[in-house]
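Let's take a friendly walk through this model together. Have the sequence and the 3D view open as you read.

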Amino acid sequence: MSYQDFQTEGRRLGILRILSRRNQFTTNEYSLSDELGGSYGHLISKDQLHTDLAWLEEQGLVICQQPRAGWIVTLTTRGSDVAEGRARVPGVSQPRPEV
């Protein structure tokens with residue numbers, strides 16, 4: 001696995017974990033980007049975030065709505081299972097145990 005793949009898989013897991021802690025398992029792209037950069041150290045462009053979100057949606061892990069003001073992202077049940085380590089999807093890191 002390349003370093004870029006490692007970063008991509010970790011970023012996708014970060015997105016799922018952020019959503020798993022939100023009310024209604026939903027947030028907007030701006031809040032998601034801020035927390036992804038601040039708490040997870042993934043400072044990425046809006047285009048990269050949209051690419052990750054589109055990929056996660058293709059896998060059935062999130063649902064994206066794209067109103068004018070910015071994307072709204074909601075975690076699916078399958079996405080929650082991946083975020084918690086109950087399911088595995090190639091392309092998303094597995095969470096490590098919290099000690």
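A good place to begin is the side chains of Glu-35 and Arg-22, which are joined by a polar contact of 2.4 Å. Keep in mind that this is a predicted model. Glu-35 itself sits in helix 2, which runs over residues 29-38. Leaving aside residues up to four places away in sequence, Glu-35 touches Ile-18, Arg-21, Arg-22 and Tyr-40. Arg-22 therefore appears twice here, as a partner in the polar contact and as one of the residues touched by Glu-35.

Now turn to another arginine. Arg-12 lies over the face of Trp-55, and its distance from the ring centre is 3.7 Å. As for rings paired with each other, the structure holds 1 aromatic pair.

Finally, look for the largest pocket, whose volume is about 310 Å³. Its lining is made up of 14 residues, and those nearest the pocket centre are Gly-10, Leu-13, Ser-93, Gln-94 and Arg-96. What is the make-up of this lining, in nonpolar, polar and charged residues? The lining has 5 nonpolar, 6 polar and 3 charged residues.

Methods: Residues are numbered from 1 along each chain as its sequence is written. This is a predicted model: local features need pLDDT of at least 70, side-chain atom pairs count only at pLDDT 80 or more; totals for chains, interfaces and linings use all residues. Side-chain values use heavy atoms; hydrogens and water are left out. On a 1 Å grid over the protein atoms alone, a cavity is a set of points where a 1.4 Å probe fits but cannot get out, and a pocket is an open set with protein on both sides within 12 Å along at least five of seven lines; lining residues have an atom within 4 Å of a point. Grid points are joined across faces, edges and corners, and a volume is the space filled by probe spheres set on the points. Ala, Val, Leu, Ile, Met, Phe, Trp, Tyr, Cys and Pro count as nonpolar, Asp, Glu, Lys and Arg as charged, and the others, Gly among them, as polar. Rings of Phe, Tyr and Trp (its six-membered ring) pair if their centres lie within 6.5 Å; planes under 30 degrees apart count as stacked, over 60 as edge-to-face and the rest as tilted. A charge sits over a ring if NZ of Lys or CZ of Arg is within 6 Å of the ring centre and within 35 degrees of the ring normal. Helices (H or I, at least four residues) and strands (E, at least two) are DSSP runs, numbered from the N terminus. A polar contact is a pair of N or O atoms within 3.5 Å; within protein, one must be able to donate a hydrogen and the other to accept it, and residues adjacent in sequence count only if both atoms are side-chain atoms. Contact means heavy atoms within 4.5 Å.
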